Amino acid sequence: MSEPTRGRASPPVRPNLWADRLASYAFAVEASIGRNPMRYLLARRFGADDPSRALTMLFVLEPEVLAGTYIRIREDRAAGACEVRTYLPTMARPVTVAEALLFDCLPLTDVGYVDLMAWPHPGLRPEPPEGPSTRGYRYDRAPVLRVREDIDPERSAVARRVLYRDGQETRRWEVAEWGRDGQETLPSRIRVTRPRTGHETRFTRTGPAVAVPPAVFDGEPEILRDRIEELLAPTRRPS
């Protein structure tokens with residue numbers, strides 16, 4: 001029997017919100033801010049010929065004031081490119097979110113743009129890790145930010161992401177419960193907290209991720225949203 005390999009490199013960190021073996025998938029999420037229920041659909045497609053490319057779509061179903069809102073994130077990890085566009089029903093057309101705003105949230109929600117991305121934003125500069133299961137980044141443009149991520153060693157996935165402004169923790173995203181039944185790397189529950197205000201939002205996945213035909217992503221956003229709702233209907237958990 002051979003001796004264990006010393007200094008073995010850790011496996012690559014898997015993409016954020018990764019549904020294990022699915023390359024094109026979607027799932028539903030519920031949350032609440034105060035007494036206001038919120039519902040979202042999240043869909044992602046990795047490139048068939050280039051898995052370093054990802055297209056992520058988030059659709060807002062509730063609250064009613066945001067119904068019809070969506071976010072589209074295109075990432076090309078190899079090229080170091082990321083474009084985030086958002087659309088609200090009050091807009092004439094989707095707009096590109098400025099890079100400096102990507103470390104904030106979709107208005108009236110606790111949905112962080114960087115928390116939807118498959119990989120760290122290319123504008124983040126890696127810093128020396130604080131330990132074997134952490135990785136740190138710095139954003140040197142205004143505003144100056146730091147991001148620290150804690151990695152779950154069993155799943156090789158991000159378990160916690162903390163955002164600092166001027167050395168003060170302002171927002172924390174963390175997995176409260178991992179998935180099951182073949183989707184162990186896709187969180188079932190996520191908790192977002194803001195230490196300065198004590199505010200907390202809990203996001204709950206309402207069922208398993210389902211496969212979505214990749215070609216549907218190439219159509220209009222409304223067609224993709226409706227198709228996802230059809231695919232998720234049989235998996236929806238009773239209230």
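**View 1. Confidence along the strands of the protein chain.** In this predicted model, strand β4 (residues 70-76) comes out with the highest confidence, at a mean pLDDT of 98, while strand β1 (residues 24-33) sits lowest, at 93. For the protein chain the mean pLDDT is 91, and 94% of the residues make it to 70 or more.

**View 2. The start of the chain, residues 1-7.** Here pLDDT stays under 50, and the model shows zero contacts beyond four places in sequence for this stretch. Where pLDDT is low, don't read the predicted coordinates in detail.

**View 3. The β4 and β5 hairpin.** Strands β4 and β5 run antiparallel and are joined by seven bridges. One pair to look for is D76 with its bridge partner A81 in β5. Four residues lie between the two strands of this hairpin, and G80 takes a positive phi near 65°.

**View 4. From β5 across to β6.** On to the next pairing: β5 and strand β6 (residues 95-96) are antiparallel too, joined by two bridges. Look for R85, whose bridge partner in β6 is T96.

**View 5. The largest pocket.** The volume of the largest pocket is about 210 Å³. It is lined by 13 residues, and R53, A54, L55, R74 and E75 are the ones closest to its centre. Strands β2 (36-46), β3 (53-62), β4 and β5 (81-87) each chip in at least two lining residues. Sorted by class, the lining has six charged residues, six nonpolar ones and one polar.

Notes:
Residues numbered from 1 in each chain as written. Predicted model: local features only at pLDDT ≥ 70, side-chain atom pairs only at ≥ 80, totals over all residues. Heavy atoms only, no water. pLDDT = per-residue confidence, 0-100. Contact = heavy atoms within 4.5 Å. 1 Å grid on protein atoms, 1.4 Å probe; cavity = no way out; pocket = protein on both sides within 12 Å on 5 of 7 lines; lining within 4 Å. Points joined across faces, edges and corners; volume = space filled by probe spheres on them. Nonpolar A, V, L, I, M, F, W, Y, C, P; charged D, E, K, R; others polar. Pairing = 2+ DSSP bridges.
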